[in-house]
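Here are a few exercises on salt bridges and sheet architecture, each with a worked solution. Have your viewer ready and try each task before reading on.

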Amino acid sequence: MARFFNQSNILKIALFATGLSGIVAEYVLSTLATYFLGNAVVQWTLVLSTMLFSMGLGSRLSKFIGDHLLEKFVVIEFLLSFLVSFCACATYLVSSFSSFNDSLWIFSFNPTAIIIYALSVLVGLLIGLEIPLVARLNQHFEELKVNISSVMEKDYYGSLLGGIFFAFVGLPFLGLTYTPFVLGGVNFIVAIILLFALKNSISISWFRRLNFSAVFLFLLISTGGLFANKIINYGEQKRYLDRVVFQKQTAYQRLVVTRWKDDFWFYINGNLQLSTLDEELYHEPLVHPAMLLHPFPQKVLVLGGGDGCAVREIVKYNSVDEVVLVDLDSEVTQLAKDNPIFLSLNDSSLWNTKVKVVNEDAFSFVNNSNLFFDVIIMDFPDPKSIDLGRLYSYEFYSLCNKHLRPNGLVVTQAGSPYFATNAFLCIDKTLTSVGFSTLPLHNQVLTLGEWGWIVGSKEKVSTEALRKRLCSINIPNDLPTTWLNEDAFYLISSFGKNVSFSDSTKIDVNYIHKPVLVDYYRKGNWELY
């Protein structure tokens, strides 16, 4: 046992802990960047690339450390433990002061972005400093080829374990509140073991200073861990104008519900999904045109819409025998089934015996399922990122088409036809390219602005013919609606003359391998929103 805990192995264990905590810190920062800044693919790419670059810079700077290598390695371990532990709290605190306060922006840069990327640089620098230092300390115990390979492999093994921990334990169970403190604590404990196991190799003056630093850091991390939840909640509350009454970090996203007077707002990753004030203005145009255009809808697939509001509208149809709701996040559908706010909102629709809930990626479901449906309703978040953009792609719509029975219809939320006109036209064109006859719709939703949907029919018919058919429908007496009536069909299907200055002939189809939709969406007129 004593042989195992020699100086060489203890150094490698410390480096393993560095790889473990360092990569988790970067995953936390990447998740925070996605949450606060948007666009998951871009943020994860930039944060991790920044870390790797900083590691290279740290490795270069390590050559200027000439003496007291072991002592300085322990100092770096302490600094890394501190940064890992407080990375989420620091981000939320900065965000709490910069939200709704543009005067704090620095040369048009969001302070939250600055702190996230600054932390990424610092963590990368410290890891980059440590690896060469361990190699130099370990050169007295192993020849060069063994030394370099064993040092590097321990850091990489720690990174693998860190990734597994973050994906399957940290984010789902500890969330962004406690994951950093757990990993920072692990790194700190290993640093303490290193300090006392190798104290004979450390000068007395350095050992005293490091002891004092260890006590101070222990108190700091312990206090931070105790108050982390309050800090995160404070930062979360500051992001919203209204009082936060519910928040939860799931394995996929952060859920927040706010309240103003007697109404509630539901946010996912900071983006408004619905409000009890006016959600009928969204969900009724989403569901009923497609359902009423079908002669006898019996089997309906809902992709997204885990809040249960679309399902609430669907189960009003006596002809419907089965509704399959597919939503990736089980926490969202569980919220819709258990939370009193959502139970009142969706009229307990997910408890209806006709409804089957499947928690699976929508693309995977339609790719693997052998079921067929009369109507497919797609209620996804806006295509702000490439991973969401694939749910609006030619490939995805082709799969949906294959799962439709004859006379089947699809409908998808399509963002704003005026604030993101090119994105709206792209979704329409992509549905058309698959073979659907399309009918664009829109409505003024008070809390969202002018919003749009596109209905697609397997039947070969013109847009005008679909519109005339919709406008001729009489809503059955046994189909209760809050806002929608026959007059509304004329309003939601009429766009007037083209005042968007967009040339639809220049709009491309959205493919997985050519995700143009995300770019169209980002370049919309959101400054007018």
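**Exercise 1.** Which residue forms a salt bridge with lysine 523, and is lysine 523 buried or exposed?

*Solution.* Keep in mind that this is a predicted model. Start with the pair: lysine 523 bridges to aspartate 519, with 3.2 Å between the closest N and O atoms. Next, look at accessibility, where exposed means over 50% relative accessible area. Lysine 523 has 64%, so it is exposed. Aspartate 519 comes to 35% and is therefore partly exposed.

**Exercise 2.** Find the salt-bridge partner of glutamate 236, locate both residues, and work out whether they are buried or exposed.

*Solution.* The partner is arginine 254, and the closest N and O atoms of the two are 2.2 Å apart. Now place them: glutamate 236 sits in helix α6 (residues 204-238), while arginine 254 belongs to strand β2 (residues 254-260). With these positions 18 residues apart, the pair links distant parts of the chain. Finally, apply the cut-off for buried, under 20% relative accessible area. Glutamate 236 has 0%, so it is buried; arginine 254, at 5%, is buried too.

**Exercise 3.** How many salt bridges does the structure hold, and which residues are linked in a network?

*Solution.* The count is 15 salt bridges. Among the residues involved, Glu279, Arg312, Glu313 and Lys316 are joined in a network. For another pair, turn to glutamate 153 and lysine 154, whose side chains meet at 2.8 Å, N to O. Glutamate 153 is partly exposed, since its relative accessibility is 27%.

**Exercise 4.** Trace the order of the open sheet of 7 strands and explain why β7 and β10 each have one side without a neighbour.

*Solution.* Reading across the sheet gives β7-β6-β5-β8-β9-β11-β10, and the pairing is mixed. β7 (355-358) and β10 (437-445) lie at the edges with a single partner strand each, so one side of each has no neighbour in the sheet. On average, neighbouring strands are turned by 15° against each other, direction ignored.

**Exercise 5.** In what sense do β10 and β11 pair, and which helix packs on the sheet?

*Solution.* β10 and β11 (residues 449-457) run antiparallel, paired over 9 bridges. As a check on the register, serine 437 has serine 457 in β11 as its bridge partner. The helix is α7 (residues 280-293), which touches β5 (299-304), β8 (373-379), β9 (404-413), β10 and β11. Its direction makes about 160° with that of β8.

Notes:
Residues are numbered from 1 along each chain as its sequence is written. This is a predicted model: local features need pLDDT of at least 70, side-chain atom pairs count only at pLDDT 80 or more; totals for chains, interfaces and linings use all residues. Side-chain values use heavy atoms; hydrogens and water are left out. Two strands pair if DSSP finds at least two bridges between them. Helices (H or I, at least four residues) and strands (E, at least two) are DSSP runs, numbered from the N terminus. Axes are lines fitted to C-alpha atoms, for helices over the stretch in contact, and angles run from 0 to 180 degrees between N-to-C directions. Contact means heavy atoms within 4.5 Å. A salt bridge is a side-chain nitrogen of Lys or Arg within 4 Å of a carboxyl oxygen of Asp or Glu. Buried means under 20% relative accessible area, exposed over 50%, partly exposed in between (1.4 Å probe, protein chains only).
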